[in-house]
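Biologist: I have a model open and want to go through some geometry with you. Can we start with the helices?

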Amino acid sequence: MTVPRVSMSQSTICVLLLGVLGFAMSAQVAIAMPALFKADERAHAAYAVALSQGTLPTIDTDIPDDPGRYPQLAESLFGADEAHRDIWVANHPPLFYAMSLPLVWLGDAVGSPGLTLLGMRLLNALGFALTTIMVGLLARELVPRRPAVPVIASAMCIGCGAMTFVGGGIYNDGWSSAAAFMTLYLGFRMIRQGVTRERLIAAAAVGVAAAGFRSTGLVAVLFLGACVLVAMWLREPSLRTFLRGTFWRAVGIAACIGMAPVVVFGWFYVRNVQLYGDPTASGSLFEKFGREPNGTTLFQLVNPEFYGHLLGSLWTDGNIANTWSQAAVIVLTLTLVGLVLDAAAKANPRRTGVLRRIRLAPQSTMQHRQDLAIWALLGGYCLLILINVAGFIAGGGWIHARYAVPFLPFLAAGAGIAALRLGRLLPLRVPTGSRTDVTALDEARDLRIGLGVSLAFMVVGLVCHLDTEQYVDGPVSSTFALVALVAADLVMFAVAAYVATELRRRMRPGTFDTPRTLTAHVATGPVTEVASGRPRETTGISTSSKAP
């Protein structure tokens, strides 16, 4: 029996292409940037080295100071104070460093520790590329009837200069963000298409990985459980029926998902409590580095400067010039203006102009409820992360772009909606072919605007790369270092040119996704396999659907 092949949607291909470009840009940084140049790289690399030696380090474990075996680590310790001579990132779970062990062993085997450092950078670059892809897929869950939005969302990640710059360093943030976003994505898929055994297994596995990269992954697991509850609730005729029928089964399933990370990585957080007094060792780290409190969590949450620094870090983190904060201001201002205009157009549409009603594909009541639920859940996730970051800053921490990454799906989806609204200020000639209805015209216009905005974000990201200092001193020593740098630059621009060409070719009216392909049929009947003893009637996935 032949199984029908589900074709990949055009928007998914575009998002994947942007992820490839993100990897190429981060790889260029990884190759060119001096070894252990960025903050915390030394400690992250030392964590993997200690793990390869059979030691699970603490925040007070010494960084290996062996000029013969690890010359870069030993050289980086010159002039460092006592606190910065330790593996202070050992409060993080060990999954990323366990993934890095083959790189450490490879570097030891060939006698090139620089190869280990470069490999760990590229591993993080791959994680940030996956994060870029997941931002686009999450944006599609948020705005399923606007197929240009996910492409704009992923392109915005490329346009945030700090994203690809941090992606070239030795950090666990790339994989932790990708795993957390994948956890949320699988939860949102269950809301759209039902809770099945296969989806639960996949979501639980990814949730375990999210908790194994960083403690913030536990927040994603928490909201994954909430997604299960909401998914099973929405498929009941009423809340009363849900409470009387499947509520306790849903709670049991959500609890099982939450217990999976506890079973696999709970021991590590218990260890942190025993060693430092709290699961994340934040208090001990503040004391170790002599950090002074900076107000309270509430003070930070109501402080406009906190939000300015947090969101601005996406463009100015590391050695990126502070002048790039202007890009943050422009993007955020246009996003707010565009969202306000979009809300005004929906409340009081005009016949012409920027406030004209945009015709979208019809939406069922169930799909509308799913949209509201997904927006609310992602908003709750961002709010909880925001409180966590505000508490960290109030305790004496510093703001880095890595702490702003969890908000990107929410921000990028909003930027996509705003761009499609503001783009209607410009006169655009839209070829429609044989499709002449109003909805087709609006879809075609969205694609033209989406292509232009996506290319603009790509240009911003590339210019930001050129504006940073180009080093000829990467982690792998080579007589041909300059040649390697030039080659990395050429590859990056070649990939950018290819992606731009592919976006232009694919984002054409009549060949790109239509909203109907993105909002596959969702039955209101019993699609929740785990909530009923009856055979699964449907998973909500049409074989003709292009959505993954």
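Biologist: What should the 15 residues of helix H19 span, and how far apart are its end C-alpha atoms?

Modeller: Helix H19 (residues 408–422) should span 21 Å at 1.5 Å a residue, taken times one less than the number of residues, and its end C-alpha atoms are 20 Å apart, which agrees. Helices here are DSSP runs of H or I, at least four residues, and strands are runs of E, at least two, numbered from the N terminus. This is a predicted model: local features need pLDDT of at least 70, side-chain atom pairs count only at pLDDT 80 or more, and totals for chains, interfaces and linings use all residues. Residues are numbered from 1 along each chain as its sequence is written, and side-chain values use heavy atoms, with hydrogens and water left out.

Biologist: How many residues of H19 are buried?

Modeller: 13 of the 15, so H19 is largely enclosed by the rest of the structure. Buried means under 20% relative accessible area, exposed over 50%, partly exposed in between (1.4 Å probe, protein chains only).

Biologist: And the whole chain, how many helices and strands?

Modeller: The protein chain has 22 helices and zero strands. Buried residues make up 55% of its 548 residues.

Biologist: Switching to Gln-72: where is it, and why does it count as buried?

Modeller: Gln-72 is in helix H3 (residues 71–76). Gln-72 counts as buried because its relative accessibility is 17%.

Biologist: What is Gln-72 in contact with, leaving aside neighbours within four places in sequence?

Modeller: Ala-35, Leu-36, Pro-113, Gly-114, Leu-117 and Pro-475, where contact means heavy atoms within 4.5 Å.
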